[in-house]
Amino acid sequence: MPSPFEIQREAAKRAALNALKRARRSAEKAGVSLSEWEGEFLDSVSERVKTHGRAFGDPELGTPGQALSAMQGRKLKEIAAKAKGEEPKRRWGKRGTRD
């Protein structure tokens with residue numbers, strides 16, 4: 001019988017693979033062309049998740065039991081938003097004006 005940790009890790013793996021597939025499918029349906037880098041990112045991350053169960057090697061980059069690191073998750077959200085036609089969010093917030 002698998003341990004609860006292994007069950008959680010497999011669920012995270014499935015969730016990550018589904019999110020990657022969803023992002024690519026929604027881009028194709030919407031007719032949004034992904035950049036070469038974004039396509040390679042989706043392909044390489046999904047390959048690493050399938051092969052190793054997660055897409056990052058350094059345990060410091062993500063929490064235990066997760067398939068994607070924090071930055072990979074952020075990039076995946078950005079690609080999914082682009083596929084939906086949403087404007088990219090500013091990473092560092094609004095710039096204030098000085099008097």
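**View 1. The end of helix 3 in the predicted model.** Just after helix 3, the residue G85 takes a positive phi of about 85°, in a structure that is a predicted model. Helix 3 itself has 15 residues and reaches 21 Å from its first C-alpha to its last, which is close to the 21 Å expected at 1.5 Å a residue. Among the elements of the protein, helix 3 has the lowest mean pLDDT, at 91, whereas helix 2 has the highest, at 93.

**View 2. The buried residues of helix 3.** Five names belong in this view, since the buried residues of helix 3 are Q72, L76, I79, A81 and A83. These buried residues of helix 3 pack against helix 1 and helix 2. As background for reading the view, an α-helix has 3.6 residues a turn, so residues three or four places apart point the same way.

**View 3. The second largest pocket and its lining.** About 160 Å³ of space lies in the second largest pocket, and the elements that give two or more residues to its lining are helix 1, spanning 4–30, and helix 3, spanning 70–84. Helix 1 gives the most to this lining, with six residues. The full lining consists of A19, R22, A23, R25, S26, K29, L76, A80 and K84, and these residues divide into four nonpolar, one polar and four charged. L76 appears in this lining and is also one of the buried residues of helix 3.

**View 4. P64 in the loop between helix 2 and helix 3.** The residue P64 lies in the loop that runs between helix 2, which spans 36–52, and helix 3. Is P64 buried or exposed? P64 is exposed, because its relative accessible area is 65%, and the cut-off for exposed is over 50%. Although P64 and F5 are 59 residues apart in sequence, they are 9.1 Å apart in space, taken from C-alpha to C-alpha.

**View 5. The whole protein, for placing the close-ups.** The protein has three helices and zero strands, and from the N terminus on its elements run α-α-α. Of the 99 residues of the protein, 28% count as buried. Among the contacts in the protein with a separation of 6 or more, 57% are accounted for by residues 24 or more positions apart. The protein averages a pLDDT of 86, and 90% of the residues score at least 70.

How values were computed. Residues numbered from 1 in each chain as written. Predicted model: local features only at pLDDT ≥ 70, side-chain atom pairs only at ≥ 80, totals over all residues. Heavy atoms only, no water. 1 Å grid on protein atoms, 1.4 Å probe; cavity = no way out; pocket = protein on both sides within 12 Å on 5 of 7 lines; lining within 4 Å. Points joined across faces, edges and corners; volume = space filled by probe spheres on them. Helix = DSSP H or I, 4+ residues; strand = E, 2+ residues; numbered from the N terminus. Nonpolar A, V, L, I, M, F, W, Y, C, P; charged D, E, K, R; others polar. Buried < 20%, exposed > 50% of the residue type's maximum accessible area, 1.4 Å probe, protein only. pLDDT = per-residue confidence, 0-100. Expected span 1.5 Å × (residues − 1). Contact = heavy atoms within 4.5 Å.
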